[in-house]
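Biologist: I'd like to go through this one with you and ask how each label was earned. Can you pull it up?

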Amino acid sequence: MSAAFDLLRVEKLDLGTVPVALENIVKNFLTNRKAFVSVGGEHSLTKFLRAGVPQGSVLGPKLFSIYTNGLSEVLKENESIELVIYADDSCIVCSAPTKADLTDLVNSTVAKHMDWLRQAGMVVNASKTELIYFRSNDVLTVELEGKPVTSSTTLNVLGMTFDCQMSWETQLSRSIQSCQRLKPALRALKKKLSSKELIQVITSHYYSRLYYGAEVWYPCLTKRLRDKISAVHHYPLRLVLNDFKRSLSRKTLAKRTNKANPDQLVNLKTAKCFISICTNCSPFTLFHELLSHAVIENRRPRRPWFLDMSRKRIGRQSFANRVGNLSKSLQFDWLTDEPLSNDSLRRQLKKTFFT
């Protein structure tokens, strides 16, 4: 969407069951806003803003999510359609048994999506709209506002690159290239910083790039790709210890620098996700989604599920199957037929994950 936050219409904002007094406060916050442009000490005329939420505010993304909440209801009519939204970034996932059926489904879904956005006052940016066909290198074409959109082999979503084979090689290559560009800076900083300070820089700037989103893509990497990322992982540690002849083993490097290996780092990132579920938010929605797939009888058809397809390439690489490896290790014997309160579920989750 183009200028999505700037097009939110206050009069169309439905806050649901929010108390009237609070709703009035929020709408008062969004109305009678003014703006002007200042360049080199010169100011433009002041204009009233008829729409939009302030970007950078705490309420901005939340209000936009509430504003677009009705979109999911429009697309829920078909079980073969899944809508994934993060603020103004939205993705539609469609599945069908044949390419012809899939093309028809995507075209009809896009048409519904566009109609809803028009009624909400939103504008679609066709040039930013991307399409990917998770099957092979085959090409899929759909219509958007009368213009053809052809599928590509890769798709970038929130900084992560998906490819049509779900091999994650493109994502890994981009992560490694980003780290390679930092190597000259690390060599220069080595002359200025202590070993402890340099390790802090490596952790915050080098590893943060290398392992961005790793809890999703790392567990499915082949041994060849894991060896590749391991070499990039240990390079800065050798720099810290002046091991330019590569005489120290990787285990020794980790011990002397007190840094975890790639497997341990990814396990830590995954554990943090579970901690976030337990402590930072109401755990019901996200954890119940995991539970609905963790038990075979509860898996819903035509939606992402935990399926044992480890011998098939795409099945093994799928996000659902990787999360499935975690769900199999969790114990669900504390679940009962009686509904759990927020606090009791949180306590049970902590007990299950961390004891």
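Biologist: What makes Tyr86, Leu158 and Tyr212 a nonpolar surface patch?
Modeller: Keep in mind that this is a predicted model. Patch members need over 30% relative accessible area and no salt bridge, and nonpolar side chains are joined within 5 Å. Tyr86, Leu158 and Tyr212 make a patch of about 340 Å². Take Tyr212: its relative accessibility is 40%, and the patch cut-off is over 30%, so Tyr212 passes on that count.

Biologist: Why does Tyr212 count as partly exposed?
Modeller: The partly exposed class sits between under 20%, which is buried, and over 50%, which is exposed. Tyr212 has 40%, so it lands in that class. As for its place, Tyr212 is in the loop between α7 (195–210) and α8 (214–217).

Biologist: Staying with α7, why are α7 and α9 called roughly antiparallel?
Modeller: The two helices pack at an angle of about 165 degrees. Anything over 145 counts as roughly antiparallel, so the label follows for α7 and α9. Helix α9 covers residues 223–240, and the two axes are 10 Å apart. The crossing of α7 and α9 is right-handed.

Biologist: How do you know that Lys223 and Asp227 form a salt bridge?
Modeller: Their closest N and O atoms are 3.0 Å apart, and the limit is within 4 Å, so the pair qualifies. Lys223 and Asp227 are 4 residues apart in helix α9, so about one helical turn separates them.

Biologist: Why is Lys223 called exposed, while Asp227 is called partly exposed?
Modeller: Lys223 has 64% relative accessibility, and over 50% means exposed, so that label holds. Asp227 has 36%, which falls between the 20% and 50% limits, so Asp227 is partly exposed.

Biologist: How many salt bridges does the structure hold?
Modeller: There are 8. One of them joins Asp138 and Lys99, with the closest N and O atoms 3.3 Å apart.

Biologist: What makes the Asp138 and Lys99 pair a tie between parts of the chain?
Modeller: Asp138 sits in the loop between α4 (99–119) and β7 (141–144), and Lys99 is in helix α4, so the salt bridge ties together parts that are 39 residues apart in sequence. Asp138 is partly exposed at 32%, and Lys99 is partly exposed at 34%.

Biologist: How do you know that Arg118 and Asp115 form a salt bridge?
Modeller: The closest N and O atoms of that pair are 2.8 Å apart. The limit is within 4 Å, so Arg118 and Asp115 qualify. Both lie in helix α4, 3 residues apart, about one turn of the helix. Arg118 counts as partly exposed at 45%, and Asp115 does so at 40%.

Biologist: Why is Thr68 called buried?
Modeller: Thr68 has a relative accessible area of 7%, and buried means under 20%, so the label fits. Thr68 is in the loop between α2 (59–67) and α3 (69–75). Its C-alpha atom is separated by 9.9 Å from that of Met122, 54 residues apart along the chain.

Biologist: And what makes Val266 buried?
Modeller: Val266 is at 3% relative accessibility, with the cut-off at under 20%, so Val266 counts as buried. Val266 lies in helix α11 (residues 262–279). The C-alpha atoms of Val266 and Ala214 are separated by 6.3 Å, with their positions 52 residues apart along the chain.

Notes. Residues numbered from 1 in each chain as written. Predicted model: local features only at pLDDT ≥ 70, side-chain atom pairs only at ≥ 80, totals over all residues. Heavy atoms only, no water. Patch = residues over 30% accessible without salt bridge, like charges linked within 9 Å, V, L, I, M, F, W, Y side chains within 5 Å. Areas by Shrake-Rupley, 256 points an atom, 1.4 Å probe, with all protein chains shown as cover. Salt bridge = Lys/Arg side-chain N within 4 Å of Asp/Glu carboxyl O. Buried < 20%, exposed > 50% of the residue type's maximum accessible area, 1.4 Å probe, protein only. Axes fitted to C-alpha atoms, helices over the stretch in contact; angles between N-to-C directions. Parallel < 35°, antiparallel > 145°, perpendicular 65-115°, else oblique. Left-handed = near helix turned anticlockwise from the far one by under 90°.
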